[in-house]
Amino acid sequence: MLALTLAALACAQSPPIAPGDRLVWLGGTLVEQEIRTGDWELEIARAFPGGKIVIRNLGWSGDTLLGEARAGFGSPADGFKALVAQTLALKPTVIWLQYGTNEAFADPLDIAGFRTRYEKLLEALAPAKARIVLVIPPPLEKRPLPLPDVGPANAKLALLAGEIGSIAKARGHGLISLEKLWID
């Protein structure tokens with residue numbers, strides 16, 4: 001993870017963060033589980049010593065663009081409302097979004113719906129006036145039998161990666177691809 005973080009920082013077209021920023025990470029399990037090690041936060045602190053960067057990880061295992069996993073005992077709409085409210089309350093100057101892994105398990109994959117949901121989340125976060133960086137998730141790790149073949153999910157992830165890149169380009173957002181950095 002340390003190498004991934006450094007490479008992601010180096011690959012960004014413009015600096016994804018700067019001294020004094022308040023960074024909020026949004027995403028599913030990969031983002032949430034970063035809180036166990038703190039590797040990404042450590043590498044950002046190393047890249048900007050004395051930069052006074054505040055990092056808040058709002059990742060939630062199993063979450064989607066609509067915040068469905070964080071709905072708890074409420075409706076999916078409640079989850080989306082909580083996702084947006086929690087993010088805006090932190091007054092971020094930068095928001096990194098990493099979605100797509102959970103969506104890659106949809107059958108059939110709905111690319112147009114994915115884009116619509118992504119656009120909805122970006123519109124809801126617009127009041128923050130934060131710089132936005134879209135993070136393309138890495139492919140799933142290939143493992144030997146008896147574990148299932150991840151090829152079909154990785155094919156869907158590749159399609160979603162293209163859509164995420166298209167959204168970033170159309171909106172002028174930053175883009176970091178963990179897919180290109182991942183090693184099988």
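This tour moves through a predicted model, from the whole chain to helix α6, its salt bridges and a group of aromatic rings.

**The whole chain**

Begin with the protein chain in a cartoon view coloured by secondary structure. The chain contains 6 helices and 5 strands. Followed from the N terminus, these elements run α-β-α-α-β-α-β-α-β-α-β. Then switch to a surface view: the accessible surface of the protein chain is about 9700 Å², and carbon and sulfur atoms contribute 61% of that area. Of the 184 residues, 43% count as buried. Among contacts in the chain with a separation of 6 or more, 78% are between residues 24 or more positions apart.

**Helix α6**

Select residues 151-171 next. This is helix α6, with 21 residues; from its first C-alpha to its last it reaches 30 Å, close to the 30 Å expected at 1.5 Å a residue. Display the side chains and look for the buried ones, which include Leu-157, Leu-160, Ile-164 and Ile-167. Polar or charged names also appear on the list of buried residues, including Asn-154, Lys-156 and Glu-163. To see what covers the buried residues of α6, add α5 (111-125), β4 (131-136) and β5 (174-177), which are among the covering elements. Before leaving the helix, select Gly-172: just after α6, this residue takes a positive phi of about 75°.

**Salt bridges of α6**

The whole structure holds 9 salt bridges. Select Asp-107 and Lys-156, which form one of them, with the closest N and O atoms 4.0 Å apart. Asp-107 belongs to the loop between β3 and α5 and Lys-156 to helix α6, so this pair ties together parts 49 residues apart in sequence. Are the two partners buried or exposed? Asp-107 counts as exposed, at 72% relative accessibility, whereas Lys-156 is buried, with a relative accessible area of 18%.

Move on to Arg-115 and Glu-163, another salt bridge, whose closest N and O atoms are 2.7 Å apart. Here Arg-115 in helix α5 is linked to Glu-163 in helix α6, 48 residues away. Glu-163 is buried, with a relative accessible area of 15%.

Now select Glu-119 and Arg-171, where a salt bridge brings the closest N and O atoms to 2.6 Å. Because Glu-119 lies in helix α5 and Arg-171 in helix α6, the pair ties together parts 52 residues apart in sequence. Arg-171 counts as partly exposed, at 28% relative accessibility. Add Glu-123 to the selection: salt bridges that share partners join Arg-115, Glu-119, Glu-123, Glu-163 and Arg-171 into one network.

**Aromatic rings**

Hide the charged side chains and turn to the rings. A pair of aromatic rings is described by the distance of the centres and the angle of the planes. How many aromatic pairs are there? The count comes to 3. Select Trp-25 and Trp-96: their ring centres are 5.5 Å apart and their planes stand at 70°, so this pair is edge-to-face. Trp-25 lies in strand β1 (residues 22-27) and Trp-96 in strand β3 (residues 94-98), 71 residues apart. Both Trp-25 and Trp-96 are buried. Add Trp-40 to complete the view, as ring pairs link Trp-25, Trp-40 and Trp-96 into a cluster.

For the last stop, select Phe-80 and Lys-120. The charged end of Lys-120 sits over the ring of Phe-80, at 4.7 Å from the ring centre.

Notes. Residues numbered from 1 in each chain as written. Predicted model: local features only at pLDDT ≥ 70, side-chain atom pairs only at ≥ 80, totals over all residues. Heavy atoms only, no water. Phe/Tyr/Trp six-rings, centres within 6.5 Å; stacked < 30°, edge-to-face > 60°. Helix = DSSP H or I, 4+ residues; strand = E, 2+ residues; numbered from the N terminus. Buried < 20%, exposed > 50% of the residue type's maximum accessible area, 1.4 Å probe, protein only. Lys NZ or Arg CZ within 6 Å of the ring centre and 35° of its normal. Contact = heavy atoms within 4.5 Å. Areas by Shrake-Rupley, 256 points an atom, 1.4 Å probe, with all protein chains shown as cover. Expected span 1.5 Å × (residues − 1). Salt bridge = Lys/Arg side-chain N within 4 Å of Asp/Glu carboxyl O.
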